[in-house]
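Let's take a walk through a protein model together, one piece at a time. Keep the 3D view open and turn it as you read.

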Amino acid sequence: MSSITLRIIASDTAEALIATALRHAADSGWQVAAAVVDPSGQLIAFRRMDRAIAPAGDFACDKAWTAATLGKSSRVWGARVLASDTLRAGHGNRPRLMTWGGGVAVFEDGICIGGLGVSGAQEDEDILCAETAIRAQGLTPG
């Protein structure tokens, strides 16, 4: 076989993830941006709340990119970077890799189908928005 089959998050699911994450943030009094990317890091959906800080959009995109392309949360990646001198030294040369929590890989049936990044609130709040949205769609955060 000369090819493989890839599973990619559907655009309507990506939009639902964004809507749920932003609704959770609004209900909690937080202003955030949220982004969904496919497993290769290509943007599928994005929204920034009116009062979210300006860089939150870029941060959310990079968190989603990190989670999707590595198949693990940006927080887990951050812990791994901190534990390794060589990863820490090389990390600065990789502009999109984000070590802050809030990027969560999206799994369906054990397969990473994308990533959701949320940014603009506190780290644990960003993570809560992302994981709440992923679970609400019947998917698994990773």
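Start with helix 2 and ask what surrounds it: its buried residues pack against strand 1 (33-37), strand 2 (43-48), helix 3 (74-82), strand 3 (103-108), strand 4 (111-119) and helix 5. Before going further, keep in mind that this is a predicted model. Helix 2 itself runs over residues 56-70, which makes 15 residues. From its first C-alpha to its last it reaches 21 Å, close to the 21 Å expected at 1.5 Å a residue.

How enclosed is helix 2 by the rest of the structure? Eleven of its 15 residues are buried, so helix 2 is largely enclosed. If you want to find them, the buried ones are A56, G57, A60, C61, D62, K63, A64, W65, T66, A67 and A68. Once you come out of the end of helix 2, you meet G71, which takes a positive phi of about 70 degrees.

Now zoom in on one residue of helix 2, namely K63. Is K63 buried or exposed? Its relative accessible area is 2%, and buried means under 20%, so K63 counts as buried. Leaving out residues up to four places away in sequence, K63 touches S74, M98, W100, G101, G102, G103, G117, V118, S119 and D126. You can also look across to V36: it sits 27 residues from K63 along the chain, and the two C-alpha atoms are separated by 9.5 Å.

One name in that contact list is S74, so let's hop over to it. S74 sits in helix 3. With a relative accessible area of 0%, S74 is buried. Its own contacts, again not counting residues up to four places away in sequence, are K63, T66, M98, T99, W100, G101, G102 and G103. Pick out M98 from that group: S74 and M98 are 24 residues apart along the chain, yet their C-alpha atoms are separated by 6.0 Å.

Next, swing round to helix 1, which covers residues 11-28. Does its length come out as expected, or not? With 18 residues at 1.5 Å a residue, helix 1 should span 26 Å, and its end C-alpha atoms are 26 Å apart, which agrees. The buried residues here are A14, L17, I18, T20, A21, L22 and A25. What covers them includes strand 1, strand 2, strand 3, strand 4 and helix 5. Right after helix 1 comes G29, whose phi is positive, near 85 degrees.

Helix 5 (residues 123-136) deserves a second look, as helix 1 packs against it at an angle of about 135 degrees, with the axes 8 Å apart. That angle makes helix 1 oblique to helix 5. The crossing of these two helices is right-handed. On the helix 1 side, the contact is made by L17, T20, A21, H24 and A25. On the helix 5 side, L128, C129, T132, A133, I134 and A136 take part. Sort the residues of this contact by class and you get eight nonpolar, three polar and no charged ones.

Let's finish with a few exposed spots. D109 is in the loop between strand 3 and strand 4. At 68% relative accessibility, D109 counts as exposed. Here's a little oddity to look for. Most residues other than glycine have a negative phi. D109 is not a glycine, but its phi is positive, near 55 degrees.

Another loop, the one between helix 4 (85-91) and strand 3, holds P95. P95 is exposed too, with a relative accessible area of 71%. Try finding E125 from there: P95 and E125 are 30 residues apart in sequence and 24 Å apart in space, C-alpha to C-alpha.

Last stop: go back to the segment before helix 1, where you'll find L6. Is L6 buried or exposed? Its relative accessibility is 61%, so L6 counts as exposed. L6 and P39 are 33 residues apart along the chain, and their C-alpha atoms are separated by 8.7 Å.

Note on methods
Residues numbered from 1 in each chain as written. Predicted model: local features only at pLDDT ≥ 70, side-chain atom pairs only at ≥ 80, totals over all residues. Heavy atoms only, no water. Axes fitted to C-alpha atoms, helices over the stretch in contact; angles between N-to-C directions. Helix = DSSP H or I, 4+ residues; strand = E, 2+ residues; numbered from the N terminus. Parallel < 35°, antiparallel > 145°, perpendicular 65-115°, else oblique. Left-handed = near helix turned anticlockwise from the far one by under 90°. Contact = heavy atoms within 4.5 Å. Nonpolar A, V, L, I, M, F, W, Y, C, P; charged D, E, K, R; others polar. Expected span 1.5 Å × (residues − 1). Buried < 20%, exposed > 50% of the residue type's maximum accessible area, 1.4 Å probe, protein only.
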